[in-house]
Amino acid sequence: MSESRIDFRKAEFLISAPDIAHLNEYLPGDVGVEIAFAGRSNAGKSSALNLLTEQKIARTSKTPGRTQLINVFRLDKHRRLVDLPGYGFAQVPLALKKKWQLALGEYLLKRNCLGGVVVLMDIRHPLKDLDMQMIEWAVESDIPVLALLTKADKLGQSDRMKMVNEVRKKLSHFDDAVKVEPFSSLKGIGKSKALGILDEWCKPEWLKQQLAVEAADEADGE
């Protein structure tokens, strides 16, 4: 029998934290699996989360940089989605930008339950310095990356695939650690492909084994 897919529509808000220390107080970093969403403040991160969960779970704004906290959404008792602070564009004081950047770095390097990182980039302006830093951080930590090239509806089919192939070529030295896909929250482009990858990340072998043991224990207790 095939394994059922994760229902991302069941995502619900769990907690907001200013940094990893506060997050660990509420939710230890070795519990379950988290999939993090990261990107520049104008990359369409919140819109992507809303499309993938089919609900307005992440706040969108015409003013980039509104996500200033680590926002966690629960899928079930073992799996979570994490909306990280946007980087690079927000019109905020330099000290606050540095604080956000530190929180991002700490989360990627120290969060043991991190099962994958979705890096969102405007398809017309991909692979800026901070995007590359985010991807390299994840790969160096043996965390798989999905590079979603957002706002794909802004380009025609030919130009869209040309840009996707260019980005894939530039990231090819990471081999299978980084996947690159076009995405549009407005038109739904890439939604199914992204959900398939996230579903896979949410089912690491160790968690499958843990769930099997829990199911067996429950059966024995009946």
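This passage looks at the nonpolar cores, one helix pair and a few individual residues of a predicted model.

The largest nonpolar core comprises 40 residues, and those with the most contacts inside it are Tyr-107, Ile-135, Leu-171 and Val-178. Helix α4, spanning residues 129–140, is the element that gives the most to this core, contributing 6 residues. Apart from it lies another core, of 28 residues, which includes Leu-52, Val-118, Phe-183 and Ile-197. As a general backdrop, nonpolar side chains in soluble globular proteins tend to be buried together.

Tyr-107 is a helpful place to begin a closer look. Leaving aside residues up to four places away in sequence, Tyr-107 touches Ile-20, Leu-23, Glu-34, Ala-36, Ile-70, Val-82, Leu-84 and Leu-114. One of these partners, Ala-36, sits in strand β2, which covers residues 33–39. Ala-36 has a relative accessible area of 0% and is therefore buried. With the same exclusion of residues up to four places away in sequence, the contacts of Ala-36 are Val-82, Leu-84, Tyr-107, Leu-114, Gly-116, Val-117 and Val-118. Between Ala-36 and Leu-171, which are 135 residues apart along the chain, the C-alpha atoms are separated by 20 Å.

Helix α4 also pairs with helix α3, which runs over residues 94–110. The axes of α3 and α4 come within 10 Å and cross at roughly 25 degrees, so α3 is roughly parallel to α4, the limit for this class being under 35 degrees. The crossing is right-handed. On the α3 side, Gln-101, Leu-104, Gly-105 and Leu-108 take part, and they meet Leu-130, Met-134 and Trp-137 of α4. Sorted by class, this contact of α3 with α4 has 5 nonpolar and 2 polar residues, with no charged residues.

Two loop residues deserve a word for their backbone geometry. Leu-127 is a residue other than glycine, yet its phi is positive, near 55 degrees. Leu-127 belongs to the loop between β5 (114–122) and α4. Its relative accessibility is 17%, so Leu-127 counts as buried, the cut-off being under 20%. Asp-175, likewise not a glycine, has a positive phi of about 55 degrees. Asp-175 is placed in the loop between α5 (157–170) and β7 (178–182). Here the relative accessibility is 59%, and Asp-175 therefore counts as exposed, for which the cut-off is over 50%. Both loop residues thus have a positive phi, but Leu-127 is buried, whereas Asp-175 is exposed.

Methods
Residues numbered from 1 in each chain as written. Predicted model: local features only at pLDDT ≥ 70, side-chain atom pairs only at ≥ 80, totals over all residues. Heavy atoms only, no water. Core = buried A, V, L, I, M, F, W, Y, C linked by side-chain atoms within 4.5 Å. Buried < 20%, exposed > 50% of the residue type's maximum accessible area, 1.4 Å probe, protein only. Helix = DSSP H or I, 4+ residues; strand = E, 2+ residues; numbered from the N terminus. Contact = heavy atoms within 4.5 Å. Axes fitted to C-alpha atoms, helices over the stretch in contact; angles between N-to-C directions. Parallel < 35°, antiparallel > 145°, perpendicular 65-115°, else oblique. Left-handed = near helix turned anticlockwise from the far one by under 90°. Nonpolar A, V, L, I, M, F, W, Y, C, P; charged D, E, K, R; others polar.
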